[in-house]
Amino acid sequence: MKSKRSNLVWSFLLVLIVGGVLTAALVYFFNNSSAFRELFSGSGSAGLGTVGPESEESLAQRMEFTGKVSLWIFIFITLLQVVALWVGYAVISTIRNSDDPVKLKLRSLDNAEVFFDVPLYFGLFGTVSAFLVMTFSPQSSRLIAYSSTLIGIIFSLFLRLTLQYPLRRQLVRADALGEEGDGK
């Protein structure tokens, strides 16, 4: 039992490290790459025209602020997706490693179905959040909406195809053969 729990703890620490590296990389690229920054804040203020020296500066500052807010919304939604992926992995791992009979594992797997849809729900959350940003930055709102939906679809498919399906197939086979072992 301790090794099963320590595996989940280690995998959670890995998720924290991946999340930290992802966040640091996105912030680094935002601060050091104008092309990456323009994904979130739009093009530079040169194309905005000039009304006066004060208005150009305040408009550029507003675009920079909007870009930073959009970046942090994107980071938050992406980190939610990574956590949802880890939770799905942890649920599958717990079912796979349990000492329950095969039939109970199959029922547990059916009961855990919602965890494989959580990345899709977070993707939808990202899309709705993007509508809030649309007023200030239509370009970054599209980036947030499309990327959060895409990440949600990919993570949900990953959970289902690489974790859920193989375990379900293994358990169904064990059940058909009448095995009452651990189904590992």
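Begin this tour of a predicted model by selecting glutamate 113, which counts as partly exposed because its relative accessibility is 27%, between the limits of 20% and 50%.

Next, add arginine 160: its side chain meets that of glutamate 113 in a salt bridge, with 2.5 Å from N to O. Glutamate 113 sits in the loop between H4 and helix H5 (118–134), whereas arginine 160 belongs to helix H6, so the pair, 47 residues apart, links distant parts of the chain. Side chains of opposite charge can pair when their charged atoms come close.

Extend the selection to Asp110, Asp117 and Arg168, which are linked with Glu113 and Arg160 in a network of salt bridges. Within this group, arginine 168 and aspartate 110 form a salt bridge whose closest N and O atoms are 2.7 Å apart. This pair joins helix H6 to helix H4, across 58 residues. Both partners are partly exposed, arginine 168 at 22% relative accessibility and aspartate 110 at 45%.

Now select aspartate 175 in helix H6 and lysine 103 in helix H4, 72 residues apart. Their salt bridge has its closest N and O atoms 3.0 Å apart. The whole structure contains five salt bridges.

Turn then to the largest nonpolar core, which has 13 residues, including Ile92, Ile95 and Leu167. Helices H3 (53–97), H4 (102–111) and H6 (138–176) each supply at least two of its residues, and H6 gives the largest share, five. Center the view on isoleucine 95; among the residues that it touches are Lys105, Ser108 and Leu109.

Finally, select Phe30, Phe36, Ile77 and Ala145, which are among the twelve residues of another core, apart from the first.

Conventions
Residues are numbered from 1 along each chain as its sequence is written. This is a predicted model: local features need pLDDT of at least 70, side-chain atom pairs count only at pLDDT 80 or more; totals for chains, interfaces and linings use all residues. Side-chain values use heavy atoms; hydrogens and water are left out. A nonpolar core is a set of buried Ala, Val, Leu, Ile, Met, Phe, Trp, Tyr and Cys residues joined through side-chain atoms within 4.5 Å. Buried means under 20% relative accessible area, exposed over 50%, partly exposed in between (1.4 Å probe, protein chains only). Helices (H or I, at least four residues) and strands (E, at least two) are DSSP runs, numbered from the N terminus. Contact means heavy atoms within 4.5 Å. A salt bridge is a side-chain nitrogen of Lys or Arg within 4 Å of a carboxyl oxygen of Asp or Glu. Lists of a residue's contacts leave out its neighbours within four places in sequence.
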